[in-house]
Structures are given as structure tokens and as C-alpha cells.
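Hi everyone, thanks for coming. Please have a look at what I'm about to put on the screen, and then we'll walk through a piece of it together.

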Amino acid sequence: LLEEQRIEEELETKFIPQHGAGQLISPRAFFVSPLFRVSSRSAARSDSVTIEMKSERQGLVLKYIGPELRQSDGLVFMALLNLTRDAQAGCTVHFSAEELCRAVFQRYDGKSRVLLRDHIVRLQRGLVQFADVSGQLCQRSHFPSRGQWSVALDADIVALFKTSMNVWVDFQRRRAVPEGLSSWLYSFIESQSRLIPMPLPTLQQLCGSDAEPESFARMLRRSLNDLVELQVIDEGWSISQGSVR
């Protein structure tokens with residue numbers, strides 16, 4: 001029993017929560033905040049932002065400081081969590097850049113290699129502070145022109161999953177959702193125990209979109225139809241009196 005308890009403690013304190021090859025995982029606070037914000041691809045990224053995220057556990061507040069992150073960064077972050085799920089956090093894990101590019105971007109070429117590297121470097125620059133701990137979203141990386149790449153997660157990233165509930169999403173479905181508001185809504189919906197009427201300004205604030213209200217409403221309608229096609233939500237949604245139901 002003592003050995004079993006020791007092993008359980010090591011799994012809880014040194015490893016990312018378990019999930020399968022076809023799953024992605026994230027703290028719920030990341031899915032209900034503008035951490036991986038919705039923005040036009042043509043819009044320039046801010047070099048430094050500060051985002052506060054409230055956790056549903058003990059009223060803790062997570063604070064992110066670093067470069068602006070978007071939905072594609074969130075997908076790469078979750079892919080790295082999946083990639084390193086069987087290794088102790090902090091250990092270096094080697095992987096095929098081609099396989100990860102094909103898994104995340106559904107293609108492999110010079111541009112996708114550069115894109116993947118840029119995402120990982122951006123995650124390295126991001127710092128999440130919570131309680132008395134701060135940790136990088138990705139700690140170390142190596143991108144040789146030949147052979148396997150490697151990454152290592154910050155060992156303190158495990159503690160992040162103790163501050164907010166874990167949310168598991170289906171990898172294939174997440175990748176199939178159009179990038180942007182549709183993908184943010186998918187993750188947001190998966191993090192809810194039930195869906196209640198939500199004012200449009202609240203949704204816009206949570207996803208970080210700086211679109212005009214009328215433009216956001218049009219984007220929202222298109223995104224909800226995307227989620228209907230993927231059977232994430234039913235067809236009976238509506239927008240009336242400034243709220244989506």
C-alpha cells in the first residue's frame with residue numbers, strides 16, 4: 001500500500017494528467033479566457049500582454065505574461081502536452097517534426113516546419129503565474145535541420161493542473177473545427193457542464209475578439225453553424241435579445 005501511494009503521488013506531482021493518443025487536455029481556465037485569443041490572421045500580434053484567468057478552485061487567479069497567443073498556439077500547446085504525456089515533466093522528449101506538423105497542420109513542408117518552430121518559441125516566452133509558482137508553457141526546445149526535434153515542459157506545469165479542472169477534448173474533432181472563433185467556442189463548450197444563455201458581449205470579452213459588435217455577431221452565427229455540422233451542438237441554437245441560447 002505504501003508503494004502504491006508513493007507511485008500515485010509521483011504520478012500526480014511529476015506527470016501531466018493522463019490522456020490517450022487521440023485526446024487533448026488543458027486546464028479549464030485556459031478554455032474560458034482570452035489566453036488563446038480570437039483574432040484576424042492579418043492583425044499584428046502584441047509582443048507583451050498580461051491576462052488574468054480566474055480558476056473555479058479556491059478562487060485562485062492565474063496570470064499570463066508574455067507574447068500574445070492565439071488559437072493555433074493553443075492547439076500546439078495541447079499537442080506538446082500529448083507528446084510528453086508519458087514522460088516526467090521537465091524531461092526532454094524527442095519527436096519527428098514531420099509527424100507533428102502533419103498531425104497539427106495536416107501538411108508538411110518548409111513553411112509548416114517554420115510555423116511549428118515559431119509556435120513553440122512563442123510558448124517558451126509565455127509565463128503563467130499562480131499561487132506561489134510560475135512556470136513556462138514550454139521550457140526547452142531544439143530544432144536541428146536534420147534529425148529529430150526535442151522539447152521539455154516546465155516541471156512546474158504539473159501544478160497548473162491542480163489549480164483548475166482538467167478538460168479533455170477529442171483531437172480529431174478539435175483539428176476539424178475551423179481555426180478562430182469556432183475552435184474557441186468548441187473548447188469553451190467542452191469545458192461547460194451545461195450550456196446557459198450567454199450575452200454576446202460576455203462571449204466576446206472571454207474570447208478576446210476586438211471585432212465590432214455586429215461583425216462579432218455574424219462571426220458567431222457562422223461558428224455556431226460550424227459546430228452544428230460537427231455535431232458539437234444541436235441545430236436549435238438562436239441569438240435573440242443580445243444573447244445566444
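I'll talk about one sheet, the helix that lies across it, and then two loop residues.

Do keep in mind that this is a predicted model.

Let's start with the sheet. It is open and has three strands, in the order 6-10-9, with antiparallel pairing. Which strands stand at the edges? They are strand 6, residues 92–95, and strand 9, residues 140–142. Each has a single partner strand, so one side of each is left without a neighbour in the sheet. On average, neighbouring strands here are turned by 15° against each other, direction ignored.

Now the pairings. Strand 10, residues 149–152, pairs with strand 9 over three bridges, and Arg140 has Ala152 as its bridge partner there. Strand 6 and strand 10 are joined by four bridges, and Phe95 stands opposite Trp149.

What lies across these strands? That is helix 5, residues 110–125, which runs at about 20° to strand 10. In a regular strand, side chains alternate between the two faces of the sheet. Look at strand 6: Val93 and Phe95 make up the covered face, while Thr92 and His94 are on the uncovered one.

Finally, the loops. Gln106 sits between helix 4 and helix 5, and its phi is positive, near 60°, though this residue is not a glycine. Gln231 also has a positive phi, about 60°, without being a glycine; look for Gln231 between helix 10 and strand 13. Are they buried or exposed? Gln106 is exposed at 53% relative accessibility, and Gln231 is exposed at 65%.

Technical notes: Residues are numbered from 1 along each chain as its sequence is written. This is a predicted model: local features need pLDDT of at least 70, side-chain atom pairs count only at pLDDT 80 or more; totals for chains, interfaces and linings use all residues. Side-chain values use heavy atoms; hydrogens and water are left out. Two strands pair if DSSP finds at least two bridges between them. Helices (H or I, at least four residues) and strands (E, at least two) are DSSP runs, numbered from the N terminus. Axes are lines fitted to C-alpha atoms, for helices over the stretch in contact, and angles run from 0 to 180 degrees between N-to-C directions. Contact means heavy atoms within 4.5 Å. Buried means under 20% relative accessible area, exposed over 50%, partly exposed in between (1.4 Å probe, protein chains only).
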